[in-house]
Every structure is written in structure tokens, then in C-alpha cells.
Amino acid sequence: MNWDAVGAVAEFAGALAVIVTLVYLSYQLRQSNQIAKAEAIREITNTYELHLEHLHSPGLNDLCVRGLADFEGLTAGERAQFNGYHYPLLNHIETVFEMHGMKLVPPHQYSAWMAVATSIIVTPGGAQWWSHSQKTFSKVFVDEVDRLLKDENVKKIPWTELWPWLAPG
């Protein structure tokens, strides 16, 4: 065997090693992305569960019912408390929106969370609250919420219909 043949075999072996390495790295990257998506979903769920614990606060359910009907009719202290519940929820949904933009949240989960946002905002009091609070969210998130609110093809069910016990009685 001459040196040219040895060199050709060595080049082939090197090229094959590079291909095997690239395939392995591709697999690792894909697996890493799947883990990141799973972690994102788990974090979304955990954060929301912490948020729901506030509903056990005395009087908060009644305050939410009244605030979703007429935010402006609440006292200043009640508006602050209503905001203290709904702002973190919408901030959570904004995080979902951002994570969806990074391809960490699948479309069906994104749609479900955006439906929660619009369901709050289409109530009379939710719309009043949103008119004040939207300034505290990113422009791209506000634009997306506004787009969904205007889109006739997007079904918007008021929060008080999704959760009848939050409807004024």
C-alpha cells in the first residue's frame, strides 16, 4: 500500500468521524430542546398554581366578581387588591407569550393561555382594568392581546361564563 492510499483512507475515516459527531450533536441538541420545552411547561404550571393559592384569601372571590363586573365601581383599596390578583396573572400570560415566541411553548398551550387573557379583558370590569394596566406590559404583548380581541375568528368567552361562580349574582 502506498502513502497516497493510506492518506485517502485516513481522510475518509476523518470525514466519517466528523459526520458521526455531527449526527450525535444534532441528537443532543434536539434532546436538549425537548427538555427545555418540558421545563418551560412545568414552570408555567407551577407559577399558575402559586397564583391560584391567592383565591383562598377571604373576600377575594367576591372582589373578583364585583371587579369583573365594574372595576371603576370598586374603592381605591379594592382596585389595588383586584390589580394585585389580575396583574400577576396577566404577567404570567405575558411570560407564556414570550416563551411561545422562543418556541418553548406549543401552539395549543399558547392559545389556551391567550384565551384566558381575553376572557378576563372582555368582561366589563376587565376591560376597564385593562385600559389602565396595559401600560405596564410590553408593547408586543399588548398588541397581540388587542389583535386577538379584534379578531372576529377568535372566540372570546367572558371569564364570568367560563367560571360561572365569578358572575355577579
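The following questions and answers concern the salt bridges of this predicted model.

Residues are numbered from 1 along each chain as its sequence is written, and side-chain values use heavy atoms, with hydrogens and water left out. In this predicted model, local features need pLDDT of at least 70 and side-chain atom pairs count only at pLDDT 80 or more, while totals for chains, interfaces and linings use all residues.

Reader: How many salt bridges does the count come to?
Author: Side chains of opposite charge can pair when their charged atoms come close. A salt bridge is a side-chain nitrogen of Lys or Arg within 4 Å of a carboxyl oxygen of Asp or Glu. By this rule, the count is five.

Reader: Which residues are joined with Arg66 into one network by salt bridges that share partners?
Author: Arg66 forms a salt bridge with Asp62, with the closest N and O atoms 3.1 Å apart. Arg66 also meets Glu78 in a salt bridge of 2.8 Å, N to O. Salt bridges that share partners thus join Arg66 into one network with Asp62 and Glu78.

Reader: Is Glu144 buried or exposed?
Author: Glu144 forms a salt bridge with Arg147, the closest N and O atoms being 2.9 Å apart. Buried means under 20% relative accessible area, exposed over 50%, and partly exposed in between (1.4 Å probe, protein chains only). Arg147, at 43%, is partly exposed. Because the relative accessible area of Glu144 is 13%, Glu144 is buried.
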